[in-house]
Amino acid sequence: MRNTFRILFYIKRTAPDRYGRVPVMVRITINGERAQFSTQQHVDPRIWDAHDGRVTGRTAAASRINGRLSEIRLHIEQCYHTLLYREGGVSASRVRNAYFGGGPGGVSLLGFFRQHNDDFRRMVGINRSRATLYKYESVYKLLQSYVRMHYGRDDIPFAKLDMNFPAEFHRYIAHEVPHEKNTVWVYMIALKHILALAHDRNHLTSNPFSGYKLHRSPVVRDYLTESELQDLLHIEPADAMQRLVLDAFLFSCFTGLSYIDLRRLTLRNIRSTSERSWICTTRSKTGTEVYVRLFDIPLAILSKYRTEAPADPIFPLPSNGWCNICLRRILPQAGIQRPVTFHAARHTFATTVTLSQGIPIETISKLLGHRNIRTTQIYASITHAQLDNDMDRLSGRLRLHYDRP
């Protein structure tokens, strides 16, 4: 029986990019069965010839795209004839898989990514955080949808990734399944890490992210001012859970501990001498050691929650989401109407409690458990109070050095 084999190039008008260009797709039809995938080429729909499946015009861009489509057609035809000769039977999906170099045992993008996440999951709680695992799993799901939509298959070999791949995936998560700009930045950094690992293990001959620049938008880190913190210290919630969340939040404001590190804090992490008490712990996120001096306010809070069992958590907090719900109910009592998350306590420690009191940025970096001081500079923005104090000191020095004529 003779096969009916056809290759058709067409444009997907429902998926324009920001410049109005649409992707060029290719459809393979064999005996009525269809399989399609993206050619990774984009054209202005006004210059597309649907009858010939080509770009009209004699520009360099048109010649380049038409040349690429001819290469794809030739490759598909070669795959078709090879399968027909070797196996005697052929289908559209098998030709598509052969085009992508797919075969059992080959190393593919999603398979490699899935193995990375499995390995990462086994290290959660040891030297990896669950939040970072969630990020990688989110990127994997987006990448899986992207491969299915643009390549028409469940996976793609590393050999088929070209230098346009980061830009195309970037556009997909930024516009087709839109996310916030900084969320896109975080996800692209995660994918960059995966492809760098694949390159290091010789699955990629070159890294598609080489020379590809990623940018993030500046973020204003929310924190409590000194007066807001003072007002919050005088709040007395009637609800026991809200009291626990507020005390933990205030404890974090004066120690800089994150939600997850506060939740796993036990008496074993408290070191006391005759005059001083310290928190000695290890950050869940980075694995770095943290030593924080306990002053009067956190000590007073700590005394309310001391347990007999040294291994029991001092603050048996609910989920981070529920803590944020409690804060939304508590903070208006102190006149704080804007939404504040639990993580703002860590920002408050970095700004209001330490930086604005003249503590050097290097010391704050150690207290926060940061590996890189640039991370601390993001958290520790200059407060208005510190700016006023610095300008007052400068004004006094200028009066000493310069006499007004």
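Biologist: Why does Arg-171 count as buried?

Modeller: In this predicted model, Arg-171 has a relative accessibility of 12%, and since buried means under 20% relative accessible area, Arg-171 counts as buried. The residue is found in helix α5.

Biologist: Which residues is Arg-171 in contact with, leaving aside its neighbours within four places in sequence?

Modeller: With those neighbours set aside, Arg-171 is in contact with Ala-15, Pro-16, Asp-17, His-42, His-150 and Glu-176, where contact means heavy atoms within 4.5 Å. Arg-171 also appears, together with Arg-18, Ala-167, His-170 and Tyr-212, among the residues closest to the centre of the second largest pocket, which is lined by 19 residues.

Biologist: What makes up the lining of the second largest pocket, by helix and by class?

Modeller: Helices α5 (165-176) and α6 each supply at least two residues of that lining, and the largest share, six residues, comes from α5. By class, the lining has seven nonpolar, five polar and seven charged residues, while the volume of this pocket is about 490 Å³.

Biologist: How do you know that there is a cavity in the structure, and which residues line the largest cavity?

Modeller: A cavity is a set of points where a 1.4 Å probe fits but cannot get out, and a search of the whole structure finds one cavity of 30 Å³ or more. The largest cavity holds about 40 Å³ of space, a value that satisfies the cut-off of 30 Å³ or more. Its lining consists of Lys-12, Ala-15, Pro-23, Met-25, Met-149, His-150 and Glu-176, with β2 (22-30) and α4 each supplying at least two of the residues. These lining residues divide into four nonpolar, one polar and two charged.

Biologist: Why is strand β3 described as largely enclosed by the rest of the structure?

Modeller: Strand β3 (residues 33-43) has eleven residues, of which eight are buried, so the strand is largely enclosed by the rest of the structure. Nine bridges join β3 to β2, and the two strands run antiparallel; within this pairing, Val-24 stands opposite Gln-41 in β3. The hairpin of β2 and β3 has two residues between the strands, and Asn-31 takes a positive phi near 50° there.

Biologist: Why are β6 and β8 said to stand at the edges of their sheet?

Modeller: The sheet is open and has three strands in the order β6-β7-β8, with antiparallel pairing. Strands β6 (270-272) and β8 (289-294) each have a single partner strand, so one side of each is left without a neighbour in the sheet. From one strand to the next, the twist averages 25°.

Biologist: How do you know that β7 and β8 pair?

Modeller: Two strands pair if there are at least two bridges between them, and β7 (residues 277-282) and β8 are joined in the antiparallel sense over six bridges, so the criterion of at least two is satisfied. As one of the bridge partners, Arg-293 in β8 is matched with Trp-278.

Biologist: What lines the largest pocket, and which residues are closest to its centre?

Modeller: The largest pocket contains about 2300 Å³ of space. Its lining has 50 residues, and those closest to the centre are Ser-129, Ala-131, Thr-132, Arg-283 and Lys-285. Several helices each supply at least two residues, including α4 (130-151), α9 (259-263) and α11 (320-330), while the largest share, eight residues, comes from α6. The lining residues divide into 18 nonpolar, 21 polar and eleven charged.

Notes: Residues numbered from 1 in each chain as written. Predicted model: local features only at pLDDT ≥ 70, side-chain atom pairs only at ≥ 80, totals over all residues. Heavy atoms only, no water. Helix = DSSP H or I, 4+ residues; strand = E, 2+ residues; numbered from the N terminus. Axes fitted to C-alpha atoms, helices over the stretch in contact; angles between N-to-C directions. 1 Å grid on protein atoms, 1.4 Å probe; cavity = no way out; pocket = protein on both sides within 12 Å on 5 of 7 lines; lining within 4 Å. Points joined across faces, edges and corners; volume = space filled by probe spheres on them. Nonpolar A, V, L, I, M, F, W, Y, C, P; charged D, E, K, R; others polar. Buried < 20%, exposed > 50% of the residue type's maximum accessible area, 1.4 Å probe, protein only.
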